[in-house]
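I opened the coordinates this morning and kept notes as I went, beginning with the overall layout and then turning to helix contacts and single residues.

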Amino acid sequence: MPESEIPGTGVFPRTRPRWWTELPLILLVYACYSAGRLLARGDVTGAVDHGLAILRIENVLHLNAELPLNRLFTRASWLGIPADFCYASLHYLVTPAILVWLFRRHTAAYRTARTWLMTSTFIGLIGFTLLPTCPPRLLAAGHGFVDTMARYSTYGWWGGEASAPRGLGGMTNQYAAMPSLHVGWALWCGVMLWRHGRTPAARILGVGYPLLTAIVVMGTANHYLLDAVAGAAVMGAGLLLTPYVTRGLAAFRAFAAPVTAAPRARVSPNVSGGCQTSTGERIPRQRESRLGSGAEPDVSSSNAGDEAPAATR
């Protein structure tokens with residue numbers, strides 16, 4: 001149902017979002033996300049150079065946290081295997097679940113939250129395209145990283161190439177590490193749980209889930225620490241842009257929505273173009289041409305109406 005403008009205000013009232021319009025929109029954004037990750041898949045040399053540059057920056061800043069975590073997850077399979085399951089599944093399960101929860105229980109906040117997530121995702125796609133980055137697990141063995149997804153692939157549904165199901169690793173872009181949207185989306189989920197959760201458990205999850213995701217993506221050697229920082233920064237930029245995107249979408253909906261004409265006032269059939277005509281006259285000012293100047297119209301005949309007796313012939 002199209003939104004109708006409130007008369008005299010220029011404001012379009014918000015209606016409850018419909019699932020049959022929201023679902024295709026979300027699927028379209030996810031398709032763009034998946035397609036965008038594939039754009040830079042062929043630039044392997046540049047991706048490796050970018051990954052090594054990130055490592056050098058972290059070493060200078062003494063921020064190299066991913067290597068100790070990766071060694072821990074490699075030595076302790078009881079940590080590495082659950083971490084691989086988390087990396088391969090939670091990203092694709094928790095975020096849609098939070099969207100559905102907001103849609104059903106917190107409708108007033110849903111539109112803004114959805115727009116924030118989508119805006120940030122598109123910003124992340126720009127990063128994937130402009131800065132293809134090799135993850136730590138694909139660097140040369142001399143850097144000390146171990147691909148835990150490949151090491152423990154017999155325990156899960158993913159293959160040795162990526163977190164995708166076996167046989168589908170070639171359909172993913174393994175060099176889309178910067179920024180980490182795993183961390184970015186997890187941060188979005190955490191904010192939603194913190195703001196709209198009504199129980200202490202929801203707030204604990206709101207803090208714990210982004211932290212767990214950051215540890216998992218580094219421990220499995222899928223992302224650098226700076227990737228995680230960039231993922232959080234992308235969400236911050238998306239949050240700042242959300243009001244502008246929301247206003248732009250509202251203006252587009254107002255422009256594209258069919259204009260509902262206001263009900264017209266009932267006009268007397270005897271008025272045409274500002275000139276009064278009598279019954280039986282087809283042309284305005286017909287009487288003036290018949291009567292001539294100075295002649296008065298026969299008021300009695302024009303006002304008699306339907307109740308006047310017909311003239312005797």
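The entries below follow the order in which I looked things up.

**Entry 1: overall layout.** I noted at the outset that I am working with a predicted model. I counted through the secondary structure and found eleven helices and two strands in the chain, which, read along the sequence, follow the pattern α-α-α-α-α-α-α-α-α-β-β-α-α. I then looked up burial for the whole chain, and 37% of its 313 residues count as buried. For the contacts I took those between residues at least 6 apart in sequence, and of these 78% join residues at least 24 apart.

**Entry 2: α7 against α9.** How do helix α7 and helix α9 pack? I found that α7, residues 181–196, and α9, residues 225–256, have their axes 7 Å apart and pack at an angle of about 50°. Angles that are neither under 35 degrees, nor over 145, nor between 65 and 115 are classed as oblique, and α7 and α9 are therefore oblique to each other. I also recorded the handedness, and α7 passes α9 in a right-handed crossing. Going through the residues, I listed Leu-181, Val-183, Gly-184, Trp-185, Leu-187 and Trp-188 on the α7 side, and these meet Ala-228, Gly-231, Ala-232, Val-234 and Met-235 of α9. Sorted by class, this contact of α7 with α9 has nine nonpolar and two polar residues, and no charged ones.

**Entry 3: α4 against α7.** I next looked up helix α4, residues 77–105, whose axis comes within 10 Å of that of α7, the two crossing at roughly 35°. Here the crossing, with α4 passing α7, is left-handed. From α4 the contact is made by Tyr-87, His-91, Tyr-92, Val-94, Thr-95, Ile-98, Leu-99, Trp-101 and Leu-102, while α7 contributes Leu-181, His-182, Trp-185, Trp-188, Cys-189, Met-192, Leu-193 and His-196. By class I have 13 nonpolar and four polar residues in the contact of α4 with α7, and no charged residues.

**Entry 4: the salt bridge.** How many salt bridges does the structure hold? I found one, in which the side chains of Asp-147 and Arg-137 meet at 3.2 Å, N to O. Both residues sit in the loop between α5 (107–130) and α6 (148–151), ten residues apart. I checked both partners for burial, for which the cut-off is under 20% relative accessible area: Asp-147 is at 13% relative accessibility and so counts as buried, and Arg-137, with a relative accessible area of 10%, is buried as well.

**Entry 5: two threonines.** Is Thr-119 buried or exposed? Thr-119 lies in helix α5 and, at 11% relative accessibility, counts as buried. Leaving aside its neighbours within four places in sequence, I found Thr-119 in contact with Gly-238, Leu-241 and Val-245. I also took the distance to Thr-242, which is 123 residues from Thr-119 in sequence, and the C-alpha to C-alpha separation is 6.9 Å.

I then turned to Thr-74, which is found in helix α3, residues 66–75. At 13% relative accessibility Thr-74 counts as buried. With its neighbours within four places in sequence again set aside, Thr-74 is in contact with Val-146, Thr-148, Arg-151 and Tyr-152.

Technical notes: Residues are numbered from 1 along each chain as its sequence is written. This is a predicted model: local features need pLDDT of at least 70, side-chain atom pairs count only at pLDDT 80 or more; totals for chains, interfaces and linings use all residues. Side-chain values use heavy atoms; hydrogens and water are left out. Axes are lines fitted to C-alpha atoms, for helices over the stretch in contact, and angles run from 0 to 180 degrees between N-to-C directions. Helices (H or I, at least four residues) and strands (E, at least two) are DSSP runs, numbered from the N terminus. A crossing is left-handed if the near helix is turned anticlockwise from the far one by less than a right angle, and right-handed if clockwise. Contact means heavy atoms within 4.5 Å. Ala, Val, Leu, Ile, Met, Phe, Trp, Tyr, Cys and Pro count as nonpolar, Asp, Glu, Lys and Arg as charged, and the others, Gly among them, as polar. A salt bridge is a side-chain nitrogen of Lys or Arg within 4 Å of a carboxyl oxygen of Asp or Glu. Buried means under 20% relative accessible area, exposed over 50%, partly exposed in between (1.4 Å probe, protein chains only).
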